[in-house]
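Biologist: I have a model open and would like to learn how to read it. Could you walk me through the ligand site and then the sheets?

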Amino acid sequence: MNIPIARTNLTEAEINSVLKPLHSGWLVQGPKVREFEEKWSSFTGSKHSIAVTSCTTALHLSLAALGFGPGDEAIIPAFTWISTANVVEHLGGRVVFCDIDLETFNIDPSQIESKITNKTKAILPVHLFGLAAKMNAINAIAQQYNLWVVEDAACGFGARYHGSHVGTLGNTGCFSFHPRKAITTGEGGMVTTHDGQLAEKIRRLRDHGAAMSDLQRHLGSRPYLLADHPDAGYNQRMTDIQAALGSAQMDRAEDIVAERQRLAASYDQAFSSLDWLQNPAKLQGFEHGYQSYPCLFQPERAKHAATIGDAKEIKTVNEARNQWMDQLQQQGISTRPATHAVHMLSFYQQKYRLNPEDFPNAFAANDCSISLPLFHGMTEAELDFVILALRNAKF
Ligand SMILES: *Cc1c(COP(=O)(O)O)cnc(C)c1O
């Protein structure tokens, strides 16, 4: 058996949906983008959705539209995909890392306030792997210090927080349609916001700063006149080919989420007796979207080592985890570290002169986490194979 960490799952109808824009000749940000955006708003409960080229550009546009600029500081969790930090760099800002909580892998709200300076402008909470960050606490701090909240909801499809879909809780939410995420357009992203003026600004910035999109111009009375450009914008438009694919998947959005939750529930049950593995957190009021199934290997040891700052012990657990990943790979089961600690990557380590121990929980998550295969269309045989391999493992 050969079980990948994720496998793209598209129906024939979804695959064929890309032919429509190709036949129609309208390839870039036209009717299909608008349709995808409307379905996205209706699924998430966001007033506005703006399709873009990736989650990274969604984050970048959000910060740019809010007015984040040179010298401004943004607080981000130390354990996340690198682009949460990169967009701050791209805008000339300063990345301020905050440690995470090892139960959830998300930013630890109790550590945010100590990171705030008179230059802090934004908090970028990340809903990692489909579990919402603790948004009430984060929003309370943001309100007190007058900070923007840009949610990195790249993995957040289907993730709800006390009934609200993630991406609707801050100034903007940013989603990814990379193939590792639950809905894919190859590359692609979406910004969600309740703020109409901000939505307009983001729409302009993604489209060279144009006051009016091509579609609006073509639907208007004088399609032959060009739009004004009030901003020096970017080109971060989604193609209609991608949007057709995204829009088609939205017709089974509930199924896609339910399938991931069902697979995760099987894992949860099968692994509940393994004291050497911590399953993804289940919290009251949080509905997990399970973009992936992130676990902590040897959780007692990893957490204790992080608490007392024992780097050597984290490395010992790390070696055991890597050996185990090796064994699983030999059995045909692909796994991955859940994600990386950005402060340990050489650009950030060098620029900000950081040590792994500066954010000990992110360090432990980097070295001791493991994601197991979970994807829509995973067969019962594949699921059972993974479960059996873990139950037979001895630590
Ligand atoms: C996948 C991911 C991104 C990047 O998304 P792209 O669409 O590839 O730009 C950003 N942040 C997190 C947390 C992610 O998981």
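**Reading the ligand site and two sheets**

Modeller: Happy to! In this predicted model, the ligand sits in the largest pocket. Among the helices and strands, those that give two or more residues to the shell around the ligand are α4 (55–66) and α5 (83–90).

Biologist: What classes of residue make up the shell around the ligand?

Modeller: A shell is read by sorting its residues into classes. Here the shell has six nonpolar, seven polar and two charged residues.

Biologist: Which of the 15 residues around the ligand come nearest?

Modeller: Those are Cys55, Thr56, Asp152, Ser176 and Lys181. For polar contacts, look for pairs of N or O atoms within 3.5 Å. With that cut-off in mind, let's take three of these residues in turn.

Biologist: Which atom of Cys55 lies 2.9 Å from an oxygen atom of the ligand?

Modeller: A backbone N or O atom of Cys55 does. For Thr56, by contrast, look at the side chain: one of its polar atoms lies 2.5 Å from a ligand oxygen atom. Asp152 also uses its side chain, where an N or O atom is 2.8 Å from a nitrogen atom of the ligand.

Biologist: And how much of the ligand's accessible area does the protein cover?

Modeller: To read coverage, start from the ligand on its own, which has 380 Å² of accessible area. The protein covers 89% of that.

Biologist: Now the sheets, please. What is the strand order in the open sheet that contains β6?

Modeller: A sheet is read strand by strand, from one edge to the other. This one has three strands in the order β7-β6-β11, with antiparallel pairing. Its edge strands, β7 (164–165) and β11 (286–287), each pair on one side only. Strand β6 (residues 160–161) is joined to β7 by two bridges, and Tyr161 stands opposite Ser164 in β7.

Biologist: Which strands are at the edges of the sheet with the order β10-β12-β13?

Modeller: In that open, antiparallel sheet of three strands, the edges are β10 (277–278) and β13 (369–372), each pairing on one side only. Two bridges link β10 with β12 (residues 293–297) in the antiparallel sense.

Biologist: Which residue in β12 is the bridge partner of Leu277?

Modeller: Look for Phe297, which is the partner of Leu277.

Notes: Residues are numbered from 1 along each chain as its sequence is written. This is a predicted model: local features need pLDDT of at least 70, side-chain atom pairs count only at pLDDT 80 or more; totals for chains, interfaces and linings use all residues. Side-chain values use heavy atoms; hydrogens and water are left out. Two strands pair if DSSP finds at least two bridges between them. Helices (H or I, at least four residues) and strands (E, at least two) are DSSP runs, numbered from the N terminus. A residue is near a molecule or strand if one of its heavy atoms lies within 4 Å of it. A polar contact is a pair of N or O atoms within 3.5 Å; within protein, one must be able to donate a hydrogen and the other to accept it, and residues adjacent in sequence count only if both atoms are side-chain atoms. Accessible areas come from the Shrake-Rupley method with a 1.4 Å probe; for residues, only the protein chains shown count as cover. On a 1 Å grid over the protein atoms alone, a cavity is a set of points where a 1.4 Å probe fits but cannot get out, and a pocket is an open set with protein on both sides within 12 Å along at least five of seven lines; lining residues have an atom within 4 Å of a point. A molecule sits in a cavity or pocket if more than half of its atoms lie within 2 Å of its grid points. Ala, Val, Leu, Ile, Met, Phe, Trp, Tyr, Cys and Pro count as nonpolar, Asp, Glu, Lys and Arg as charged, and the others, Gly among them, as polar.
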